Number of protein chains: 2
Amino acid sequence: VKPYCDYGLTLVTDRELCLGRSLTEVVDAAVRGGTGIVQLREKSCDSRQFYELAKALRELLRPRAIPLIINDRADIALAVEAEGLHIGQSDLPLRAAREIMGPNAIIGLSVESEADVRAAEAVAIDYFGLSPVFSTPTKTDTNTPLGLAGVGRIRPLTPLPLVAIGGISAANAAEVLAAGADGVAVVSAICSAPDPEQAARSLKKTIDQVRNRRY
Amino acid sequence: VKPYCDYGLTLVTDRELCLGRSLTEVVDAAVRGGTGIVQLREKSCDSRQFYELAKALRELLRPRAIPLIINDRADIALAVEAEGLHIGQSDLPLRAAREIMGPNAIIGLSVESEADVRAAEAVAIDYFGLSPVFSTPTKTDTNTPLGLAGVGRIRPLTPLPLVAIGGISAANAAEVLAAGADGVAVVSAICSAPDPEQAARSLKKTIDQVRNRRY
């Protein structure tokens, strides 16, 4: 069976933004604060380092039933038995990723436009990452921001969970959810926060408030 | 069952050294010239490009029963159903790679010293890549060259095929085999040759001559 995912708040990692703290320290704090999913995204390390980081996070998260999603590298996801894989438009084709990962893995796909969502519909994925919603310095290889209007245009195209990323903080998370997202993913809002646990808690509180209004 | 491998001559790819020719064109010529194994090693491209290159080579090589070995990325190897995976000391751990790839995949490991060979012995691999034998401009992340003496010291440590790489050409291939290697792998000696087919043929001829003397 698929692992249960609470898509409310996802932490996407970036060691270089952790202000000298270790990744496990920041992830540990983020999870205590209410982060429901952790995505390991590390672009500037070799495969062995990536594997070691993934293994460390897996050991940290598994006892707490927090799904670990690996960015791009399906082999690393398999090697550490992560719950899922997140792929972008220039990663493995979705079909190949699903075949490698098996039917029970969580697979997320970054989409930057309505066309990306439509192109992906035929294949079994679990959620869409909408990227970027606002402009952000942490990802430079992306298109013009979707904005709240872009989230609103994508919402009716799919019943799958939409996780918005890019420039999201406690200050704007509510309007992103109001625009149609099911959850938000953040990098610097947690990784670079003076108190990552408190930052996650504040985001989670905002998210839960919108959810309680909605249901 | 394991695919049959003729370890005599391996081509390791590098698109940037192909003098403007396409990779498939160079690989095609190399195989006509007697290359027995092709290893796709592409460090500077995204996962989707790597996958597309792997798929193109797989379609080219499969009908000719030439094994395709993917460098580092086990997920790409699985996605295109390549015959094998080549890993280095900073790639996935051998045990994880074998688990992902399954018992019938060809798995090769780069070793740079006798200690590397000894450390790897417990786990099921299919061949060792000895790297680098001579100094070479195409790989910059490696140790001091092993030299012919290094090949000779490693030879008695393992019954597995030893494939030597680094600065090998038709001019020195014979002495590398005489020192104890079962085969040679080349990058620029084929990729950057004015006539890759002729370059492969010349290397293969040298290799076959040593083999015929040996047996």
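**Exercise 1.** What share of the interface residues of chain A are also interface residues in chain B, and what does that say about how the copies meet?

*Solution.* Keep in mind that this is a predicted model. Start with the overlap: 100% of the interface residues of chain A are interface residues in chain B too, so the copies meet through the same surface. Next, look at how the chains are related. Chain A lands on chain B after a rotation of 180 degrees with 0.0 Å of shift along the axis, and the RMSD is 0.0 Å. That's the relation of a two-fold axis. Finally, find the axis: A:D75 is the residue of chain A that comes closest to it, with its C-alpha at 2.3 Å.

**Exercise 2.** Work out how many residues of helix α4 of chain B are buried, and what they pack against.

*Solution.* Helix α4(B) covers residues 94–101, and 6 of its 8 residues are buried, meaning the helix is mostly covered. Go along it and you'll meet B:L94, B:A96, B:A97, B:R98, B:I100 and B:M101 as the buried ones. Now check their partners. From chain A, they pack against α2 and α3; from chain B, against α3, β4, β5 and α5. Just past the helix, B:G102 has a positive phi of about 90 degrees.

**Exercise 3.** Trace the barrel of chain A and zoom in on one strand pair.

*Solution.* Follow β1-β2-β3-β4-β5-β6-β7-β8: these 8 strands form a closed barrel with parallel pairing. Neighbouring strands are turned by 25 degrees against each other on average, ignoring direction. Now pick β3 (68–71) and β4 (84–87) of chain A, which run parallel and are joined by 3 bridges. Here A:N71 stands opposite A:H86 of β4(A).

Definitions and conventions. Residues are numbered from 1 along each chain as its sequence is written. Chains are lettered from A and ligands numbered from 1 in the order in which they are written. This is a predicted model: local features need pLDDT of at least 70, side-chain atom pairs count only at pLDDT 80 or more; totals for chains, interfaces and linings use all residues. Side-chain values use heavy atoms; hydrogens and water are left out. Two strands pair if DSSP finds at least two bridges between them. Helices (H or I, at least four residues) and strands (E, at least two) are DSSP runs, numbered from the N terminus. Axes are lines fitted to C-alpha atoms, for helices over the stretch in contact, and angles run from 0 to 180 degrees between N-to-C directions. Copies are superposed by least squares on the C-alpha atoms of residues with pLDDT of at least 70 in both. Contact means heavy atoms within 4.5 Å. Buried means under 20% relative accessible area, exposed over 50%, partly exposed in between (1.4 Å probe, protein chains only).
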